[in-house]
Amino acid sequence: MQKYISLLVFLIVVLGGGLLIGYATLPGEWYASLVKPSFNPPSWVFGPAWSLLYVLIAIAGWRVWRREPHGAAMKLWVAQLVLNFLWSPVFFGAQRIAGALSIIVLLLIAIMAFMAAARRVDRVAFWLFVPYALWVAFATSLNASILWLN
């Protein structure tokens, strides 16, 4: 029973935190006024995509935490979550496209480092991060393109 309670805590922290930050930093008129690249997805894609990714991130973190709560993989998991939660306030809140690009590049590095460390601890956690890594790589190119175009 305790393992499911800890999973619930991970889900609440990650999904709840992500949704709260997303709601607090909704794209507004400023974002709508930006020139965006042709590969920019429609706005409705981001909510479901991030919700699913946050569930995967939570499960991966929980799995690693159960095996090595103080290991390198767990520390990298925390680092990537901090960077993830920082991006929206910098991009949408502070309207700092270049600053957000710096954060998302560090986020992608942290994700890849977590994956490398997690692979030794829990292969499922590694695979749970694959869609996240792909999405953040795409989001990095989107952020860079928006910076270039504006």
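This report walks through how some of the helices in this predicted model pack together.

A few ground rules. The model is predicted, with local features needing pLDDT of at least 70 and side-chain atom pairs counting only at pLDDT 80 or more, while totals for chains, interfaces and linings use all residues. Residues are numbered from 1 along each chain as its sequence is written, and side-chain values use heavy atoms, leaving out hydrogens and water. Helices here are DSSP runs (H or I, at least four residues), numbered from the N terminus.

**Two helix pairs**

Axes are lines fitted to C-alpha atoms over the stretch in contact, with angles from 0 to 180 degrees between N-to-C directions.

| Pair | Axes come within | Crossing angle |
|---|---|---|
| Helix 1 and helix 3 | 8 Å | roughly 140 degrees |
| Helix 4 and helix 7 | 14 Å | roughly 30 degrees |

Angles under 35 degrees count as roughly parallel, over 145 as roughly antiparallel, 65 to 115 as roughly perpendicular and the rest as oblique. Helix 4 and helix 7 are therefore roughly parallel, and their crossing is left-handed (the near helix is turned anticlockwise from the far one by less than a right angle; clockwise would be right-handed). Here Gln80, Asn84, Trp87 and Phe91 of helix 4 meet Tyr132, Asn143 and Ile146 of helix 7, where contact means heavy atoms within 4.5 Å. That set splits into four nonpolar, three polar and no charged residues; Ala, Val, Leu, Ile, Met, Phe, Trp, Tyr, Cys and Pro count as nonpolar, Asp, Glu, Lys and Arg as charged, and the others, Gly among them, as polar.

Helix 1 (residues 2–24) and helix 3 (residues 46–67) make a right-handed crossing. Residues in that contact include Phe10 and Gly18 of helix 1 and Tyr54 and Trp62 of helix 3.

**What is tucked away**

Buried means under 20% relative accessible area, exposed over 50%, and partly exposed in between (1.4 Å probe, protein chains only). In helix 3, the buried residues include Trp62 and Arg63, and the buried set packs against helix 1, helix 4, helix 5, helix 6 and helix 7. Helix 5 (residues 97–121) has 25 residues that should span 36 Å at 1.5 Å a residue (counting one less than the number of residues), and its end C-alpha atoms are 35 Å apart, which agrees. Its buried residues include Leu107, Ala110 and Ile111.

Those three turn up again around Gln80 of helix 4. Gln80 is buried, with a relative accessible area of 0%. Leaving aside neighbours within four places in sequence, Gln80 touches Ile57, Leu107, Ala110, Ile111, Phe129 and Tyr132.

Methods
Helix = DSSP H or I, 4+ residues; strand = E, 2+ residues; numbered from the N terminus.
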